[in-house]
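Reader: I am new to this structure and would like a slow, careful look at one part of it. Please begin with a single pair of charged side chains, and then go on to what belongs with that pair.

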Amino acid sequence: MLKGKIAVITGGTRGIGYATVKKFLENGAKVVLFGSRQETVDKALTSLKEENPEWEVSGAWPNLGDADAVAQEIEKVKEKYGRIDILINNAGISDSTPIDNYTSEQFAKIMQLNVNAIMNGIIPTVKIMKEQGGGVILNTSSMVSICGQTSGIGYPTSKSAVNGLTWSLARELGPSNIRVNAVAPGITRTDMVAALPEQMIQPLINAIPIRRIGEAEDIANAFLFLASDMASYVTGEILSVDGAMRT
Ligand code: NAD
């Protein structure tokens, strides 16, 4: 579905990002994954190469909060492959601190990575996509962007901003043949969720109409569809992949 496409995926070292990198490689894309540290990037690359030595995948670890550092890495991808077809802004952090203990520094930190840093990747990539005549930008939002959560105000706020950014950029960039969409995962089995004790997981599952926790591959499949030409008329969409759990 993505034969010959060049994709950059942030937060690609584990969880949803890693599953998406793998899915894209399986579907013929060449992928540059961004992680936060060389060590985790190397680990992800080793495990992908073990799966299939033929896959064309490399990695970088720019500080996503540093616009110049991100622009430099994006430019390197352009120099290497001559184009960037797909950018997935997936790196993100969550938080569940109650409001009584919340600090403005915490709020700024989560907005910095989940929102501001996304723009650091989008700004240089849009220039490249406009020059080449099109592209696809995808963002990882969250179920809580739609319904909020009971504590940790910064996280749903940041993901609602991701939705606003997605809707607006889709409208601004449509005439340049650049589609912009987001995937809004529900509770997804990544390291964070897998570490929860069984007595916490079961009530969560009971609240999900489809009666199971999402797998990282469920989210990767949504990204695959949105990145592919099968979604050629889909833009400005926030695709919920949450088993209908929106509370
Ligand atoms: P994860 O913690 O397993 O992965 C997060 C990724 O982001 C990692 O690759 C990590 O290296 C990267 N990252 C974190 N901080 C970074 C930083 N400062 N600089 C660079 N990279 C950084 O989590 P995940 O569950 O796979 O989350 C991926 C995305 O999905 C996030 O945006 C998250 O908000 C979103 N999401 C997750 C769930 C869930 O239940 N797991 C639900 C909804 C949305």
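Author: Lys5 and Asp229 are joined in a salt bridge, with their closest N and O atoms 3.9 Å apart, the term standing for a side-chain nitrogen of Lys or Arg within 4 Å of a carboxyl oxygen of Asp or Glu. Distant parts of the chain are linked by this pair, since Lys5 lies in the segment before strand 1 (6–10) while Asp229 lies in the loop between helix 9 and strand 9 (238–241), 224 residues apart. The model is a predicted one, in which local features need pLDDT of at least 70 and side-chain atom pairs count only at pLDDT 80 or more, while totals for chains, interfaces and linings use all residues. Residues are numbered from 1 along each chain as its sequence is written, and side-chain values use heavy atoms, with hydrogens and water left out.

The two partners are covered to differing degrees: Lys5 counts as partly exposed because its relative accessibility is 22%, whereas Asp229 is exposed because its relative accessible area is 56% (buried is under 20%, exposed over 50%, partly exposed in between, with a 1.4 Å probe and protein chains only).

The loop that holds Asp229 follows helix 9, which runs over residues 216–227 (helices are DSSP runs of H or I with at least four residues, strands are E runs with at least two, numbered from the N terminus). In helix 9, the buried residues are Ala216, Ile219, Ala220, Ala222, Phe223, Leu224, Leu226 and Ala227, whereas Phe225, also in helix 9, counts as partly exposed because its relative accessibility is 31%.

The pair of Lys5 and Asp229 belongs to a set of 9 salt bridges in the structure, and two further members deserve a look. Lys22 and Glu51 meet through their side chains at 3.4 Å, N to O. That contact, too, links distant parts of the chain, Lys22 being in helix 1 (residues 15–26) and Glu51 in helix 2 (residues 38–51), 29 residues apart. Lys22 is partly exposed because its relative accessibility is 23%, and Glu51 is partly exposed because its relative accessible area is 46%.

Lys78 forms a salt bridge with Glu131, where 3.7 Å separates the closest N and O atoms. Here the linked distant parts are helix 3, which holds Lys78, and helix 4, which holds Glu131, the two being 53 residues apart. Lys78 counts as partly exposed because its relative accessibility is 22%, whereas Glu131 is exposed because its relative accessible area is 61%.
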